[in-house]
Amino acid sequence: MSALILVLGIVLISSPAQAETETWKTLNTAGMLAYKERDFALAKEMFHRALNVLEGSTDLDSRTATTLNNLGATHEALGEYEQAELRYRHALTMIETIQGAEHPDVVVGLNNLASLYFSQQAFEKAEPLWQRGLSISEKFLGDAHPHLIQPLLTLGLVTQVQKEFDRAESYYLRAIEIGKRALGTNHPSLISLYERYASFLRQAGRDEDALAVDHQIETIRDANQRPSPPE
């Protein structure tokens, strides 16, 4: 999730010509580079300094939300989970205020916070955030867009680890159905979706059903190994 945060930082950067903005951009970029190089202590210092540049502004500013998100990722990487949660929550609130509660940028903030909770096994906190993110994405993409596959798999996983097997299965099956509609029934990219589903079935004690899914995987592999018909 950290990579997504850094991408969000780039997307939200504005580029007015003021010297102060250049200073913020320089510090924020230095923090991002340090983060990518896993020098988290330096990244933390740069993001704090970038945040200080924006202090005193009375206007809501997407640059502040960007920096808070990046700082949250750095706290998380350092194992400073309480600070990470505070930064992520602050950034999410700010994005919601600036962009609106249903804006696609909000999904990134929701995912950041949910991933933090998931890593701490606070599944009951993570799940509703991911559900809300899926709902926002559905609003903008429709209910059958391929970009929904990953959030559906994520929800499948978080419900699976809570042993909510009926709900988990519904998420996995929906992800597969979207993949089949978008790619065709024998596309090789479906294999990973079926493998995830088969693994779930085995954990749920449904070995016979898992074997049927294994057979489907082999069917797809065989279909993609056959030579293409001559044109």
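At what angle do helix 8 (residues 149-161) and helix 9 (residues 165-183) pack, and how far apart are their axes? The angle is about 160° and the axes are 8 Å apart, where axes are lines fitted to C-alpha atoms, for helices over the stretch in contact, and angles run from 0 to 180 degrees between N-to-C directions. That angle makes helix 8 roughly antiparallel to helix 9, a label given to angles over 145 degrees.

This is a predicted model, in which local features need pLDDT of at least 70 and side-chain atom pairs count only at pLDDT 80 or more, while totals for chains, interfaces and linings use all residues. Residues are numbered from 1 along each chain as its sequence is written, and side-chain values use heavy atoms, with hydrogens and water left out.

The protein chain has 11 helices and 0 strands, these being DSSP runs numbered from the N terminus (helices: H or I, at least four residues; strands: E, at least two). Of its 231 residues, 42% count as buried, meaning under 20% relative accessible area with a 1.4 Å probe and protein chains only.

Helix 10 and helix 11 form another packed pair, set beside helix 8 and helix 9 below.

| Helix pair | Angle | Axes | Crossing |
|---|---|---|---|
| Helix 8 and helix 9 | about 160° | 8 Å apart | left-handed |
| Helix 10 and helix 11 | roughly 165° | within 8 Å | left-handed |

A crossing is left-handed if the near helix is turned anticlockwise from the far one by less than a right angle.

In the contact (heavy atoms within 4.5 Å) between helix 8 and helix 9, residues including Leu152, Leu153 and Gly156 of helix 8 meet residues of helix 9, among them Tyr171, Ala175 and Ile178. By class, this contact has 11 nonpolar, 4 polar and 2 charged residues, with Ala, Val, Leu, Ile, Met, Phe, Trp, Tyr, Cys and Pro counted as nonpolar, Asp, Glu, Lys and Arg as charged, and the others, Gly among them, as polar.

Helix 10 and helix 11 are likewise roughly antiparallel to each other. Tyr194, Tyr197 and Leu201 are among the helix 10 residues in their contact, and Val213 is one of those from helix 11. The residues of this contact divide into 11 nonpolar, 1 polar and 6 charged.

The largest nonpolar core (buried Ala, Val, Leu, Ile, Met, Phe, Trp, Tyr and Cys residues joined through side-chain atoms within 4.5 Å) has 55 residues, of which Leu113, Leu152, Tyr194, Tyr197 and Val213 touch the most other members. Helix 10 contributes the largest share of this core, 8 residues. A second, separate core of 6 residues includes Trp24, Leu27, Val53 and Leu54.

Conventions. Parallel < 35°, antiparallel > 145°, perpendicular 65-115°, else oblique. Buried < 20%, exposed > 50% of the residue type's maximum accessible area, 1.4 Å probe, protein only.
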